[in-house]
Amino acid sequence: MLASSHSHMEIQGRRRTVRPKGPPDGGYGWFIVLSTFLVFGLTFGVIKSFGVFFVEIQHYFATTATASSWITSITVATIHFGAPVGSALSAYFSPRRVVIVGGLLSSVGMVAGSHAQNLLQLYITVGFLTGFGYALTWTPTVTMLGWYFEKRRPVANALASAGECILTFILNPSFQFLIDQYSWRGAMLILGALQLNLCLCGALLRPLDSYDPPKELKGEEKDLEMQFTNDRPESKQHLKTKIIRYVDYTLIANVRFMVYSMFGVFAALGFFAPSLFLVPYARSKGVEEYQAAALMSISAALDLLGRLLFGWVANLHLVETIHQLLVTVLMLGIVLLLCPLAATFTHLALFSAGYGLVFGATVSIHITVLAEVVGVEKLGSALGFFMLIRSSGGLLGPPLAGIFIDEMNDYSAGFLMAGVALIVSALFLLLLHHMNRKGKNKESDIPLENKTEKVEKCNSEYKKQEELLKQGV
C-alpha cells in the first residue's frame, strides 16, 4: 500500500512539473496534413468517383439503380459505423498501426470485389470490407490532424480534405480509361493495388511528443499508474475512466452534439447521392461517356477551390463558423434542386461547377464546427460517434434516391431528394445556433461574484482531491 501510494505521488509530482505545450500548428504537422490529404483522396475520393463503375456494374448484372446503389451505400454506412471502432483502436494500439491495417483491408476488399460473381458479393467485399478499412484509416488521421493544429485548424482541415477533390479529378477519367482497356473488373483490381498507399499514410503518423491529448499517460508514468490502480479497489473506476477516454459515450448526453449529429444524418442523405448519379444522369441525357466522367472532374476542381477559399475565410474568423456552414448548406440544397433544369453538357458543366464549389465550402468547415461544439479534447470520440449517428443517412441516401429514380424513370429525381434533405439539415444548424446564443446570454447574465465563487469552489474541490491522493485514500 505504501509503495503504491509513493508511486502515485511520484506521478502527481511529474504532472505538476511537466506542462504539456499546445499544438505546434506546423512543423511535422504538415506531414500529418499530407497523410490526411491522401487518406481523403483514397477513401472519399474513390467513393465520389465510383459513379463510373456504377454504370458498368448496373449493365453487367442487368439490375436496377436501387440495387446497384447499395454498394456505395454500404461502403459509406460502414465507414460511419466503423468510425468509433477506429477511434477506440487507434487510442489503444496507436493510430499508425490501425491505419496500416485499414489500408490492407481496403485493398483486400477491392481485389476480392474484382472477382465478384453477383451483387451480394460486391456488397460484402467493396461495401463492407473496404468500407471498414476506410473507417480504420480516416478517423485516426483526422483526429491526429486536430491534435497538431489549433489556430490554423480550419486551413489544415481545408488542405487535407482537398485530397478528396484532387484525386476525384484524377480518378474519374482514369477509371473510365481503365474500364475501357481492362473492363470494370480489371479497373477494380488496379484500384485495389492503389489502395495499398493507405498503409504509407499510416506510416507517416507520429504521436506528438510535446502535446498529449488530455488524460493520456506515457511510458513509465502509465506503468506506475497501472501498478497503483491494480493494487487498489478503485481499479474498476480506473478501467471505466480508460474506456471513456477511448470512447466517450457521455457525449450522447450532450444536447448540442446530438443536434449537430442530426444535421449530419440529413446532410448525409444528400451528400453522396449526387456524386453517384451525376455520371449516369449525364449518360441518360445523351452525353458521351468521357464527357460524363469529365463532369465529376469539373466538380472536383471547383470543390478544391471551395475548400481552400472558404477554409481560409473561416480562418479569418470574420463570421461565426456555424453561420458560414448554415449558408453553404442552404446554397448546396438549392443548387441540387436546380439540377433537373440541366439537359446539355454545357448546362451540366455549369451545374457541376456550382455544386462542387458549394460542396467544398460545406465540407471544409463541418469538422471545425464539430470541434467547436465538443472541444478539441473530445474530438476523437466525438468524430467517431458523429460518424456512427450519421451512418443512417449515408446508408439510406443512395438507395432512397435510387427508389425515386426507378419509380420516376428519371435520374433527376435523385437530385431533388438530395436537395430537400440538405435544406432540412439546415434547420438543425439553425436550432444549434439558437442554443449557442441562448447559452451565451445565460453566461452573460451570471454576476461576476457568482463566477468567482464557482472558480474558488472548483479550486477547493481540486485541493481536497489532491490531499486525498497524497494520503493514499
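These legends accompany close-up views of two cavities and three helix contacts in a predicted model.

**View 1. The largest cavity and the residues around its centre.**
Welcome to the first stop, a cavity that holds about 240 Å³ of space. A search of the whole structure finds two cavities of 30 Å³ or more, and this view shows the largest of them. Its lining is made up of 21 residues, and those closest to the centre are Phe40, Phe44, Glu164, Val363 and His366. Sorted by class, the lining has eleven nonpolar, six polar and four charged residues. Which helices each supply at least two residues of this lining? They are α2 (29–48), α6 (119–148), α7 (153–194), α11 (255–284), α14 (345–363) and α15 (366–374).

**View 2. The second largest cavity and its lining.**
Here the volume is about 60 Å³. The lining consists of Val46, Ile47, Phe50, Thr72, Thr75, Met110, Val126, Thr130 and Tyr134. At least two lining residues come from each of α2, α4 (65–93) and α6, and α6 gives the largest share, with three residues. How many charged residues does this lining have? There are no charged residues in the lining, which has six nonpolar and three polar ones. For anyone moving between the views, α2 and α6 each supply at least two residues to the lining of the largest cavity, and each does so for the second largest cavity too.

**View 3. The contact of α11 with α12.**
A quick reminder for the helix views: two packed helices are described by the angle between their axes and the distance between the axes. In this pair, the axis of α11 comes within 9 Å of the axis of α12 (residues 289–316), and the two cross at roughly 150°. Because of that angle, α11 counts as roughly antiparallel to α12. The crossing is right-handed. From α11, the contact draws on Ser275, Leu278, Val279, Ala282 and Arg283, while α12 brings Glu289, Ala292, Ala293, Leu295 and Met296. By class, seven of these contact residues are nonpolar, one is polar and two are charged. As a link back to the first view, α11 also supplies at least two residues of the lining of the largest cavity.

**View 4. The contact of α13 with α15.**
Helix α13 (residues 321–337) packs on α15 at an angle of about 140°, and their axes are 10 Å apart. The two helices are therefore oblique to each other. Is the crossing left-handed or right-handed? α13 passes α15 in a left-handed crossing. Thr321, Ile322 and Leu325 make the contact from α13, and they meet His366, Thr368, Val369 and Glu372 of α15. In class terms, the contact has three nonpolar, three polar and one charged residues. Look out for His366, which takes part in this contact and is also among the residues closest to the centre of the largest cavity.

**View 5. The contact of α3 with α4.**
The last stop shows helix α3 (residues 51–60) packed on α4, with an angle of about 135° and axes 10 Å apart. The angle makes α3 oblique to α4, and the crossing is right-handed. On the α3 side you will find Phe54, Ile57 and Gln58, and on the α4 side Ala65, Ser68, Ser69 and Ile71. Four of the contact residues are nonpolar and three are polar, with no charged residues. α4 also ties this view to the second one, as it supplies at least two residues of the lining of the second largest cavity.

Technical notes
Residues numbered from 1 in each chain as written. Predicted model: local features only at pLDDT ≥ 70, side-chain atom pairs only at ≥ 80, totals over all residues. Heavy atoms only, no water. 1 Å grid on protein atoms, 1.4 Å probe; cavity = no way out; pocket = protein on both sides within 12 Å on 5 of 7 lines; lining within 4 Å. Points joined across faces, edges and corners; volume = space filled by probe spheres on them. Helix = DSSP H or I, 4+ residues; strand = E, 2+ residues; numbered from the N terminus. Nonpolar A, V, L, I, M, F, W, Y, C, P; charged D, E, K, R; others polar. Axes fitted to C-alpha atoms, helices over the stretch in contact; angles between N-to-C directions. Parallel < 35°, antiparallel > 145°, perpendicular 65-115°, else oblique. Left-handed = near helix turned anticlockwise from the far one by under 90°. Contact = heavy atoms within 4.5 Å.
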